[in-house]
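Here is a walk through a structure for someone who is meeting it for the first time. Have the sequence and the 3D view open, and follow along one stop at a time.

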Amino acid sequence: MDKTLRPATDSTRIPSTPGPLALHDRSITRRYAHRAPHRENPPGTAREPHENPSTERRTDVADTDQTGERDKRRSGPGGGLLMGRPFGVPVYVSPSWFLVAALITWVFGDQLDRVLPDLGPVRYLVSLFFAVAFYASVLVHELAHTVAALRFKLPVRRIQLQFFGGVSEIEKESETPGREFVLAFVGPLLSLLLAGGFYLGMKAVDPATVPGVLLAGLMISNLLVAAFNLLPGLPLDGGRMLRAVIWGLTGKPMAGTVAAAWVGRALAVAVLLGLPLLTHTGLLGNRTEEIGGMDTVMDALLAAILAAIIWTGAGNSLRMARLREHLPELRARSLTRRAIPVENATPLSEALRRANEAGARALVVVDGQGDPTAIVRESAIASVPEHRRPWVAVSTLAQDLTDGMKVSAELTGEELLDHLRATPATEYLVLEPGGAIYGVLSTLDVEKAFVKAMARPQT
């Protein structure tokens with residue numbers, strides 16, 4: 001089966017369901033001062049987001065340690081063996097592929113024994129070649145999606161060959177329904193073209209030979225891949241095509257996603273009930289007298305796995321669409337904490353006193369000309385005992401600013417999340433369009449806002 005994953009969007013990669021993690025207030029005012037006078041924010045400064053007890057799950061933008069660096073153990077691609085980088089996109093083979101390859105080798109080997117009984121044990125080597133060739137066809141299918149995505153300036157994180165097919169992880173949403181349709185259609189189109197090529201190859205060889213059987217098997221398998229992916233339900237390519245059509249007719253991508261996702265769920269039920277029935281009645285070409293109890297069990301298991309994959313993918317598509325609907329609510333300006341500038345040698349206790357008096361929640365280190373050079377990390381402040389703060393300079397707790405840690409106050413939604421993912425850190429300096437310091441943005445505040453937005457009823 002083929003799935004083309006998307007950001008959440010396929011890929012802020014924000015989890016589909018929040019987990020039960022208690023929120024903690026991380027403000028300088030409340031954590032580091034016994035008495036913090038309440039002050040209204042001056043005009044033009046960001047207001048502190050209202051905080052309610054809630055639940056959260058960490059998003060990918062917070063995949064960092066306390067120093068603001070990405071955790072190297074979690075930043076790897078994971079889940080497979082790197083096979084190459086066609087078009088600059090890494091291709092991985094999941095460990096589950098080896099299980100499927102062994103299963104294909106066994107099943108196809110039994111079929112070869114019936115067609116070419118003289119092969120003997122060599123039939124399993126031929127079957128293994130068929131399994132590899134079949135997944136090479138799946139890779140071509142995925143590369144079609146990848147080339148189309150790159151043509152539309154959509155970044156592709158990786159391709160992964162895995163259980164029941166492949167996945168192309170495209171990290172941005174198509175901008176128009178037309179592009180969405182083309183991006184989804186090119187995969188099945190390439191599978192159909194491969195099937196046609198294998199059919200022409202069959203005409204040039206004897207069908208009762210190993211090449212003839214292999215070409216016939218590859219032709220049929222690619223036809224099945226194309227037909228299955230053209231079914232009009234998410235997460236299949238046909239579902240994305242249906243979504244594009246409804247999006248184009250209504251002008252609402254959410255409407256297309258909802259319709260295609262529910263069709264996908266209906267397909268999952270149809271596969272679960274219909275595939276074993278079709279096999280048992282002999283409509284798929286098997287003689288009913290040859291169908292044994294083990295065949296029935298295997299068909300039911302296969303149907304259950306396929307149905308679960310389709311149902312889960314459809315549900316994830318709905319959640320991703322819901323995320324997209326709420327993304328505009330994430331605004332850098334409204335989530336930014338007010339910050340005060342301090343110089344390198346300022347004692348931490350004095351910096352915190354100034355912050356409390358100003359009603360600020362963050363510290364920005366500036367040079368002699370007032371230009372920002374670093375952000376004082378909250379985690380570093382928390383690690384300094386109160387009695388040592390008069391003797392600790394803020395510069396020893398600060399993280400030097402990089403260009404990626406500077407965020408425009410005008411960023412919202414997916415653009416904001418893309419920026420945070422590109423340069424993972426715990427805090428970012430938010431600047432006005434003219435370059436003036438606006439405040440400090442914490443990834444924790446972004447997470448809270450996201451969880452709060454996702455908890456609202458869908459419109």
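A residue counts as buried when its relative accessible area is under 20%, as exposed when that value is over 50%, and as partly exposed in between. Take E175 to try this out: its relative accessibility is 62%, so E175 counts as exposed. Keep those words in mind, since they come back at nearly every stop. One caution before we move on: what you're looking at is a predicted model.

Let's get the overall picture. The chain has 459 residues, and 46% of them count as buried. It holds 14 helices and twelve strands. Its accessible surface comes to about 22600 Å², with 62% of that belonging to carbon and sulfur atoms.

Back to E175, because it has a partner: its side chain meets that of R179 in a salt bridge, at 3.9 Å from N to O. R179 is partly exposed, with a relative accessible area of 33%. This is just one of 17 salt bridges in the structure. Another joins D113 and R123, whose closest N and O atoms are 3.9 Å apart. That pair ties together distant parts of the chain, with D113 in helix 3 and R123 in helix 4, ten residues apart. D113 is partly exposed at 32% relative accessibility, whereas R123 is buried at 14%.

Now have a look at the strands. E169 and R157 meet in a salt bridge at 2.8 Å, N to O. Here too the pair links distant parts of the chain: E169 belongs to strand 5 (residues 165-170) and R157 to strand 4 (residues 156-162), twelve residues apart. E169 is buried, with a relative accessible area of 12%, while R157 is partly exposed at 26%. Salt bridges can also join up into a network, as they do for E173, E180, D237, R240 and R243.

Next come the aromatic rings. How many aromatic pairs are there? The count comes to five. In one of them, the rings of F108 and F130 have centres 4.2 Å apart and planes at 10°, so this pair is stacked. It bridges distant parts of the chain, since F108 sits in helix 3 (residues 95-115) and F130 in helix 4 (residues 122-151), 22 residues apart. Both F108 and F130 are buried. The rings of F134 and Y135 meet another way: their centres are 5.4 Å apart and their planes stand at 85°, so the pair is edge-to-face. F134 is buried at 16% relative accessibility, and Y135 is buried too, at 3%. Together with W97 and F98, F134 and Y135 form one aromatic cluster.

Rings can have a charge over them as well. R158 lies over the face of Y92, at 5.9 Å from the ring centre. R265 does likewise with W311, at 5.0 Å from the ring centre.

Last stop: the outside. F181, V182, F185, L189, L192, L193, L223, L230, V245 and L249 make a nonpolar surface patch of about 820 Å². Two elements give two or more residues to the patch, helix 5 (177-203) and helix 7 (237-250). Which helix gives the largest share of the nonpolar patch? That's helix 5, with six residues. L249 lies in helix 7, and with a relative accessible area of 72% L249 is exposed.

Methods:
Residues numbered from 1 in each chain as written. Predicted model: local features only at pLDDT ≥ 70, side-chain atom pairs only at ≥ 80, totals over all residues. Heavy atoms only, no water. Patch = residues over 30% accessible without salt bridge, like charges linked within 9 Å, V, L, I, M, F, W, Y side chains within 5 Å. Areas by Shrake-Rupley, 256 points an atom, 1.4 Å probe, with all protein chains shown as cover. Salt bridge = Lys/Arg side-chain N within 4 Å of Asp/Glu carboxyl O. Helix = DSSP H or I, 4+ residues; strand = E, 2+ residues; numbered from the N terminus. Buried < 20%, exposed > 50% of the residue type's maximum accessible area, 1.4 Å probe, protein only. Phe/Tyr/Trp six-rings, centres within 6.5 Å; stacked < 30°, edge-to-face > 60°. Lys NZ or Arg CZ within 6 Å of the ring centre and 35° of its normal.
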